[in-house]
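Colleague: Before we discuss this chain, could you put the model up, so that we can go through its packing question by question?

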Amino acid sequence: MCSSSRTFLLLFPLLLHSFVALVSAQGSNNTSPWQTLSGNPPFVVARGGFSGLFPDSSGIAYNFTLMVSVPDVILWCDVQLTKDEVGICLPDLRLNNATNGANVLAKNRSSVYVVNGVHTEGLFTVDFNSKDLENVTLTQGIYSRPDNFDGNGFAILGPEDVYEQLQPPGLWLNIQHDAFYTQRNLSMRNFVLSVTKRITVNYISSPEVGFLKSISSRINPHKTKLILRALGPDTIEVTTNQTYASLLRNLTFIKTFASGILVPKTYIRPIDGDGYLQPETSLVSDAHKAELEVFASEFYNDLPLSYNYSYDPITEYLSYFDGGRFSVDGVLTDFPISPSAAIDCFTHLDDKAKSQAKPLVISKFGASGDFPACTDLAYSKAISDGVEVLDCPVQMTKDGTPFCMSSINLIYSTKISQTPFINRSKTIPAISSENGIFAFDLTWEEIQGLTPSISNPFSNFTLFRNPRFRNSGKFLTLPDFLALAKNGSSLSGVLIHIENADYLAKEQGLSVIDAVSDSLSKAGYDNQTALKVLIQSPNSPVLIKFKEEKKNYELVYEVDMSISDVLNETVVDIKSFADSVTITKDSVFPENQQFLTGSTNVVTKLQSLNLSVYVETFSDEFVSQAWDFFSDATVEINSYAMGAGIDGIITDFPKTSARYKKNRCLTMKELPNYMIPVQPGSLLQLVTEAYLPPKKAPSPVLGDKDIAEPPLSPVSSKAPPPAGEGGSAASPPAPSRNGQPKLGAGASFLLLNIAILCIVLLPF
């Protein structure tokens, strides 16, 4: 319905340049076994195109889908009718959310209609002729997704526009509200029968049995397949007056008018109220026995997944067609790049699949995305996930025991603030401006009694990690960690992280360097080559001290701030005391409001002097990634590994990175388009000036003054101040078996009286 002068194809050359070719091989699909009804790989159906990023049903969304998906991707169009019975692709009956109609059309054109039994107000397509919509453009209708592309003026398209201008491999028309249009004296049936004579439509779906039955005798099943779209299990289907759960128990009836079913993914793999998977249902196998295809819907990279998937969309997709028990015949998704990669690159990989040499997979506090940081559970999970270097940030206890803990401040990784140890909290400006309870103020026995607490770095987005195990596991001493690492079959090394060494030596009389050296020596790490030892620190004097010991350790300098560049002479200085450097993700690909703005030359400069470059921190949660990575951790990893050529990935979800290194697409002569690194800054080029984020000052340049530090202080001969002095409070009693300090008789009596008082005062 749009004129050629407004065609979205104007942006195609830019996209093509930025994200490379349309056509690529589809890997090992010819030889891999599939449990789909056809025996072929499952289809990728792109709902409104790449609607996870661009305005739903826009030209750019459809076009981009073809560029980053499997060659047989199917484009989905939600068909709505205008007052003059022109069909358009729009995700809703109303123009309010997905277009700028509220600003362009007369405000007095808003109406109230009953939709599925609910009085609904808005600008309905049925109240406007197609000519009225010529100046209406598509916008992002989901407010958690970027609206930066809204200024491009993407025209509303019809099914024929999509077909004729793009010639897609497959086209799917979804008819969601036939009954509504019938009530308005508009015939969706006539439109569909007419349009299928003019263009090739591969699939037509509807949640209304009556509509599908009304067209079934007029549709060629060899050309176009009819699909019953199931809504919620308790929702009533308007024709049969049955719930969809009841309808799906009568698959032979569905087979009389349809070739398949489209169901929310939870029909197949249910999720309980706590967000964990339940046993899978038999729906797919039952439908296949009835010769019905099964498509699963509601795949969104940017919504919380079941905790079983650890926020990784690839893992979720694989569970629907690579579990060995069943395979759906297709998935309906807002992010078609992810199932494309899952199908072509990650299916049918076994434990013996060869892993690429780079990048090295280094844990961040173990698998701390799944279990509390630096606990036995986090470390064991990291090893089973295929991590190559297991890390231990070493802290020191009051009685000189080195142990693994993510921070010197115990508040970050334990529930210590909910115990009487809270009386030991204080502020130490030399360490942090924040109040804390510090490891060196507790003995190892006291720390063993603490309850671990999982890290939730994105809780402000209501994204939480594995709540069932949020307080599980136990902490390890450094010797215990080293013993565990020796038995890790996937490991090639251990990384020992050291901070605050000068403060501990000077103010607490504790030598963390000596403790680490002694532990490594006693554990036999000085006399073996099976496991490499990496010593990491943001303090150059620590690495200089280890270099003086002339042991075969890899020394890693941590740059703990974002930088835009590094001076050449500074690289030379770093090389004098380090073998590797750890930098932040922003130091490779700078961001501005979650858009990549380009790339730095930091990696190239460091590697020019044979310094390996490790980058942190890679997390699976979609909010941790720039828009350019499509809310998919694998896309982000691939872009840093192949695009920036980094040597190592530091991650709290090592499974995702370890699996990435085994994907078969990396061995292809020509990379498929969904495994090509993104071009930093190219997405921002598609944003019009009015929608660009405000300019952001570049990060500082790393210079000699940033790495120069005075030599380490000698270890103080004075003992640490006894409890109650120097800011510490008196020691609480020893912990009980539940990890909480025991209360004396007086305290117990006081609590009893308080409890009685509360009961008395509590209103009934």
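Colleague: Which residues does Leu95 touch, not counting residues up to four places away in sequence?

Modeller: In this predicted model, Leu95 is found in the loop between strand S3 (87-89) and helix H3 (101-104). Leaving aside residues up to four places away in sequence, the residues that Leu95 touches are Leu90, Gly101, Leu105, Leu123, Thr125, Phe128, Leu133 and Ile156.

Colleague: Is Leu95 buried or exposed, and at what relative accessible area?

Modeller: The C-alpha atom of Leu95 is separated by 7.4 Å from that of Gly122, although the two residues are 27 residues apart along the chain. Buried means under 20% relative accessible area. Leu95 is therefore buried, since its relative accessible area is 0%.

Colleague: How are H6 and H7 oriented to each other?

Modeller: Helix H6 (residues 188-198) packs with helix H7 (residues 209-216) at an angle of about 45°, and their axes are 11 Å apart. H6 passes H7 in a right-handed crossing. An angle that is not under 35 degrees, not over 145 and not within 65 to 115 falls into the remaining class, and H6 and H7 are therefore oblique.

Colleague: Which residues in H6 and H7 meet, and what is the contact by class?

Modeller: From H6 come Met188, Arg189, Val192 and Leu193, and these meet Phe211, Ser214 and Ile215 in H7. Sorted by class, the contact of H6 with H7 has one charged, one polar and five nonpolar residues.

Colleague: Arg198 also lies in helix H6; how does Arg198 count in terms of relative accessibility?

Modeller: The C-alpha atoms of Arg198 and Glu160 are separated by 8.1 Å, with the two residues 38 residues apart along the chain. The partly exposed class lies between the 20% limit for buried and the 50% limit for exposed, so Arg198, at 44% relative accessibility, counts as partly exposed.

Colleague: Where around the axis of H15 are its buried residues, and what do they pack against?

Modeller: In helix H15 (residues 478-486), the buried residues are Leu478, Phe481, Leu482 and Ala485. Because they cover an arc of only 95° around the axis, they are on the same side of H15. The elements they pack against are helix H13 (376-384), strand S15 (389-396), strand S16 (402-404), strand S19 (493-498) and helix H17 (512-522).

Colleague: What share of the residues in the chain is buried?

Modeller: The chain has 24 helices and 28 strands. Among its contacts between residues at least 6 apart in sequence, 72% join residues at least 24 apart. Of the 764 residues in the chain, the buried share is 56%.

Conventions:
Residues are numbered from 1 along each chain as its sequence is written. This is a predicted model: local features need pLDDT of at least 70, side-chain atom pairs count only at pLDDT 80 or more; totals for chains, interfaces and linings use all residues. Side-chain values use heavy atoms; hydrogens and water are left out. Axes are lines fitted to C-alpha atoms, for helices over the stretch in contact, and angles run from 0 to 180 degrees between N-to-C directions. Helices (H or I, at least four residues) and strands (E, at least two) are DSSP runs, numbered from the N terminus. A crossing is left-handed if the near helix is turned anticlockwise from the far one by less than a right angle, and right-handed if clockwise. Contact means heavy atoms within 4.5 Å. Ala, Val, Leu, Ile, Met, Phe, Trp, Tyr, Cys and Pro count as nonpolar, Asp, Glu, Lys and Arg as charged, and the others, Gly among them, as polar. Buried means under 20% relative accessible area, exposed over 50%, partly exposed in between (1.4 Å probe, protein chains only). The arc is that of the directions from the helix axis to the C-beta atoms.
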